[in-house]
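Work through the exercises below with the model open. Try each task before reading its solution.

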Amino acid sequence: VLLNISLTVSPITDASGKIIGVSKIEHDITERKQTEEALRQAHARLADRADQLEGAVTERTAELSATNSQLEAFVYSVAHDLRAPLRAMQGCSAMLVDEVGETLSEAGQGLANRINKSAQFMDALLKDLLAFSQISQERIELTAVSLKAVVQAVLTRLQSDIQDTHADVECVEPFGTVLAHAPTLGQVLFNLVSNALKFVTPGVTPRLRVRTEEKEASIRIWVEDNGIGIAPEHQEQIFRLFARLHREKYLGTGIGLTIVQKGVERMNGRVGVESMPPHGSHFWFELRKA
């Protein structure tokens with residue numbers, strides 16, 4: 001039987017320091033060596049298992065990514081193809097009311113108007129689904145983008161809404177430059193500003209402020225309003241697809257903030273909100289400095 005031995009050899013000296021012999025001590029370390037070998041084998045098995053799990057996770061992630069891409073492509077195709085018949089439905093119902101509305105009963109006119117409004121809502125829903133699908137699938141390249149230019153472009157697009165609501169819009173400069181995809185950044189800001197104009201108490205003039213907060217390596221963009229606000233328990237769910245907190249009072253598809261979150265994520269940023277009803281909402285998103 002082979003044993004593992006630890007041998008210690010020490011010199012024996014006389015009073016003058018002359019070596020006159022040696023001493024040796026033997027220890028049986030067989031059990032210790034067996035334990036070390038068992039630990040080594042266990043570590044090897046754990047490392048092998050970790051590699052297997054990592055490979056499985058990588059494979060599953062690739063499968064999920066492919067599935068998501070297929071679903072997003074499917075959503076885009078369906079949304080795109082459904083818009084044409086919906087627009088036809090909307091146009092025909094409007095023509096029906098305009099041309100023969102007088103011959104229809106009050107109930108008939110009401111039904112035709114409901115068809116028209118439902119078609120309008122479905123068209124808006126499909127339009128937002130297309131925007132969400134495009135942001136999710138589009139190949140984007142991050143470049144230096146002037147926030148001031150994007151803010152001005154968004155306010156120009158919303159000029160008629162701003163005038164119709166008599167909104168007070170304040171832009172606090174400087175804005176700075178961030179690493180972003182200009183069209184996606186424009187869509188994010190457009191959705192946030194248009195929400196600020198929409199979700200206000202009836203009879204209240206919308207007031208909103210767009211400003212930035214500079215950090216060490218990033219810039220946080222704030223869109224602050226005096227709207228109805230969002231309760232703390234709802235502040236996470238508002239970014240989910242089709243989430244609508246005020247279905248009866250305010251028009252909307254429940255996709256706008258999902259587009260905001262997806263767009264910011266695609267630009268390697270973060271998004272959030274600070275709000276306490278009824279004191280308005282302060283939405284923010286953060287992107288790296290250019």
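A disulfide is a pair of cysteine sulfur atoms within 2.5 Å. Keep in mind that this is a predicted model.

**Exercise 1. Cysteines**

Task: State how many disulfides a search of the whole structure finds. Then classify C92 and C171 by accessibility.

Solution:
- Step 1. The search covers the whole structure and finds zero disulfides.
- Step 2. Take the cut-offs: buried is under 20% relative accessible area, exposed is over 50%, and partly exposed lies in between.
- Step 3. C92 has a relative accessible area of 51%, so C92 is exposed.
- Step 4. C171 has 34% relative accessibility and therefore counts as partly exposed.

**Exercise 2. Domains and distances**

Task: Give the domain bounds. Then find the separation of domain 1 and domain 3, and two C-alpha distances, one from G55 and one from G17.

Solution:
- Step 1. The domain assignment splits the protein chain into domain 1 (5–59), domain 2 (64–136) and domain 3 (143–288).
- Step 2. Taken over C-alpha atoms, the centres of domain 1 and domain 3 are 64 Å apart.
- Step 3. G55 belongs to helix α1 (residues 30–100). Its relative accessible area is 38%, so G55 is partly exposed.
- Step 4. P85 is 30 residues from G55 along the chain, and their C-alpha atoms are separated by 46 Å.
- Step 5. From G17 to E286 the sequence separation is 269 residues, and the C-alpha distance is 77 Å.

**Exercise 3. The β1–β2 hairpin**

Task: Describe the pairing of β1 with β2 and the setting of G17.

Solution:
- Step 1. Strand β1 (residues 5–13) and strand β2 (residues 19–28) run antiparallel, joined by nine bridges.
- Step 2. Check the register: L7 faces E26 in β2.
- Step 3. Five residues lie between the strands of this hairpin. G17 sits in that loop between β1 and β2.
- Step 4. G17 takes a positive phi near 95°.
- Step 5. With 46% relative accessibility, G17 counts as partly exposed.

**Exercise 4. The five-stranded sheet**

Task: What is the strand order of the open sheet, and which strands are at its edges?

Solution:
- Step 1. The order is β4-β6-β7-β9-β8, with mixed pairing.
- Step 2. β4 (168–171) and β8 (270–275) are the edge strands, since each pairs on one side only.
- Step 3. On average, neighbouring strands of the sheet are turned by 15° against each other, direction ignored.
- Step 4. Look at one pair: β6 (residues 207–214) and β7 (residues 218–225) are antiparallel over seven bridges. Here V210 stands opposite V223 in β7.
- Step 5. Add the helix. α3 (residues 147–157) packs on the sheet and touches β4, β6 and β7. The direction of α3 makes about 170° with that of β4.

**Exercise 5. The surroundings of S281**

Task: Is S281 buried or exposed? Which residues does S281 contact beyond its sequence neighbours?

Solution:
- Step 1. Locate S281 in strand β9 (residues 281–288).
- Step 2. Its relative accessibility is 3%, so S281 counts as buried.
- Step 3. Set aside neighbours within four places in sequence. S281 then contacts V223, E224, D225, G229, I230, V273, E274 and S275.
- Step 4. Pick out S275: a polar contact of 3.1 Å joins its side chain to that of S281.

Notes. Residues numbered from 1 in each chain as written. Predicted model: local features only at pLDDT ≥ 70, side-chain atom pairs only at ≥ 80, totals over all residues. Heavy atoms only, no water. Pairing = 2+ DSSP bridges. Helix = DSSP H or I, 4+ residues; strand = E, 2+ residues; numbered from the N terminus. Axes fitted to C-alpha atoms, helices over the stretch in contact; angles between N-to-C directions. Contact = heavy atoms within 4.5 Å. Buried < 20%, exposed > 50% of the residue type's maximum accessible area, 1.4 Å probe, protein only. Domains from an automatic or database assignment. Polar contact = N/O pair within 3.5 Å; in protein donor to acceptor, adjacent residues only side chain to side chain.
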